[in-house]
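Let's walk through a structure together, moving from charged pairs to a ligand site and then to a strand. Have the coordinates open as you read.

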Amino acid sequence: MRSKKIGIMTTGGDCSGLNTVIQRVVDGCVQRKWNVIGIKDGTDGLYQNPPITVDLSHETFQFASSHLAGSILSNGNAGNTNFESSARAGKLGTFNKRLQKSIRELELDAMVLIGGNGSLSLAHLYPEIYSGLSLVCIPKTIDMDVPNTERTIGFDTAVQQLTEYCDQLLLTARSHHRWFVVQTMGRECGQLALHAGVAIAADAILIPEIKFDVDNLVKHIKQSKRDYGIIMVSEGISIRGHSGKPADMVSRKLTAAGIANRTAFPEHIQRAGDTLASDRILAAGFADCALHAIENNETYVMTTFENDDFKTISLDDFFHSGKPEKDPKILGAITSNAYVEPDNPLLRIATDMGIYIGEKKK
Ligand code: F6P
């Protein structure tokens, strides 16, 4: 009997921890005497004719550096034909057919897709692409906006990156008696800002899920015992009647109220950083779970982490348990999203710490 052939790919935005997942999956495949290939550039590479692949069965990569951020398989190239450009050109059907053809040509028994809620939603919406093989998805994203899992690969390291960044900012803030408005990533989900804000005991944390009042924010800062500190602002917030970057909007309001401040944008540094132990353990757990799922011939499943354990759930459950939103980049596609829920204990803890988190749950 021919041994199994497994494909691995990383799709969507990169984050720290991807290489650890790849390493653990490859190790598990080699132990089981399965062949394993990596697809370069995610679905962009799969679309190419022939698809761009690398053989991972024989230590092709230097796994000693698997704790480094980014993906040795790369995540996609904006210049290539992809879901976004095909949808814009009205050629999504042709794009999907090409992916399907590539999978058949590669003769894969299983695909491990390491992706965020966008990639997982697309896999659910267009099941014809991966039909005939075992599709196992591993959730990764610094946004932590994937429903049904308590952690996603890369989140903890991103929180650490932000924490260290703010620790440094606070030193210069103190020297100049000024406040920093730090804009975090996270899209429409406030998890990253909330976690990092609690970690550094920010003076305020503004997230898309909670309405805030600028006057109360100003009052809160003026009542502070210090004349410096950090206001953590998630990139998804808005102020009615204002446009531009959220941190700039908040900064202008503070300046108008006589509060000396600067803005800071950690940007893609949040997706970098050596992978923390907790993300490596998560990677090991997800990879182990994915390998067992392949052995059990499961398909259209996602690995999840809940109550300190790892299991798989169906992509259907993932999709229907989140809040559906129109995909901003892919016409006609819907993504399934998770947000900071009103009963998130960190909201209560932040309030108890004296952090201003806004007024009213949306
Ligand atoms: O989804 C991950 C993420 O880093 C978001 O937090 C952020 O809004 C976005 O990707 C940035 O994407 P890009 O690298 O394409 O600018």
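Is glutamate 105 buried, partly exposed or exposed? Glutamate 105 comes out as partly exposed, because its relative accessible area is 38%, and the cut-offs are under 20% for buried and over 50% for exposed. Keep in mind that this is a predicted model.

## The pair at arginine 98

Glutamate 105 has a salt-bridge partner in arginine 98, with N and O 3.4 Å apart. Arginine 98 sits on the other side of the cut-off: its relative accessible area is 12%, so arginine 98 counts as buried. So here a buried arginine 98 is paired with a partly exposed glutamate 105.

Lysine 101 joins in as well: Arg98, Lys101 and Glu105 make up a network of salt bridges. Side chains of opposite charge can pair when their charged atoms come close.

## Two bridges between separate parts

The structure has 11 salt bridges in total, and two others are worth a look. In one of them, arginine 226 pairs with aspartate 203, and the closest N and O atoms are 3.0 Å apart. Arginine 226 is in the loop between helix H8 (214-222) and strand E9 (229-234), while aspartate 203 is in the loop between helix H7 (191-199) and strand E7 (204-206), so this bridge ties together parts 23 residues apart in sequence. Aspartate 203 is buried at 9% relative accessibility, whereas arginine 226 is partly exposed at 34%.

The other bridge links lysine 323 and glutamate 341, whose closest N and O atoms are 3.4 Å apart. Lysine 323 belongs to strand E13 (residues 323-326) and glutamate 341 to the loop between strand E14 (334-337) and helix H12 (345-352), so the parts they tie together are 18 residues apart in sequence. Lysine 323 is partly exposed, with a relative accessible area of 40%, and glutamate 341 is partly exposed too, at 36%.

## Around the ligand

Which residues surround the ligand? They are Ile142, Asp143, Met185, Gly186, Arg187, Glu235, His268 and Arg271. By type, that shell splits into 2 nonpolar, 2 polar and 4 charged residues.

Several side chains put a polar atom by a ligand oxygen. For aspartate 143 the distance is 2.6 Å, for histidine 268 it is 2.7 Å, and for arginine 187 it is 3.1 Å. As for cover, the ligand taken alone exposes 400 Å², and the protein buries 68% of that.

## Strand E6

Now for strand E6 (residues 179-184), which holds glutamine 183 and threonine 184. Glutamine 183 is buried, since its relative accessibility is 12%. A polar atom of the glutamine 183 side chain lies 3.1 Å from the backbone nitrogen of alanine 247. Beyond four places in sequence, the contacts of glutamine 183 are Val233, Glu235, Lys245, Pro246, Ala247, Ala264, Phe265, Pro266 and Gln270.

What about threonine 184, buried or exposed? With a relative accessible area of 1%, threonine 184 is buried. Leaving out residues up to four places away in sequence, threonine 184 touches Leu162, Ala193, Met232, Val233, Ser234, Glu235 and Gln270. Glu235 is worth picking out: glutamine 183 contacts Glu235, threonine 184 touches Glu235, and Glu235 is also one of the residues around the ligand.

Definitions and conventions:
Residues numbered from 1 in each chain as written. Predicted model: local features only at pLDDT ≥ 70, side-chain atom pairs only at ≥ 80, totals over all residues. Heavy atoms only, no water. Helix = DSSP H or I, 4+ residues; strand = E, 2+ residues; numbered from the N terminus. Buried < 20%, exposed > 50% of the residue type's maximum accessible area, 1.4 Å probe, protein only. Polar contact = N/O pair within 3.5 Å; in protein donor to acceptor, adjacent residues only side chain to side chain. Contact = heavy atoms within 4.5 Å. Salt bridge = Lys/Arg side-chain N within 4 Å of Asp/Glu carboxyl O. Near = heavy atom within 4 Å. Areas by Shrake-Rupley, 256 points an atom, 1.4 Å probe, with all protein chains shown as cover. Nonpolar A, V, L, I, M, F, W, Y, C, P; charged D, E, K, R; others polar.
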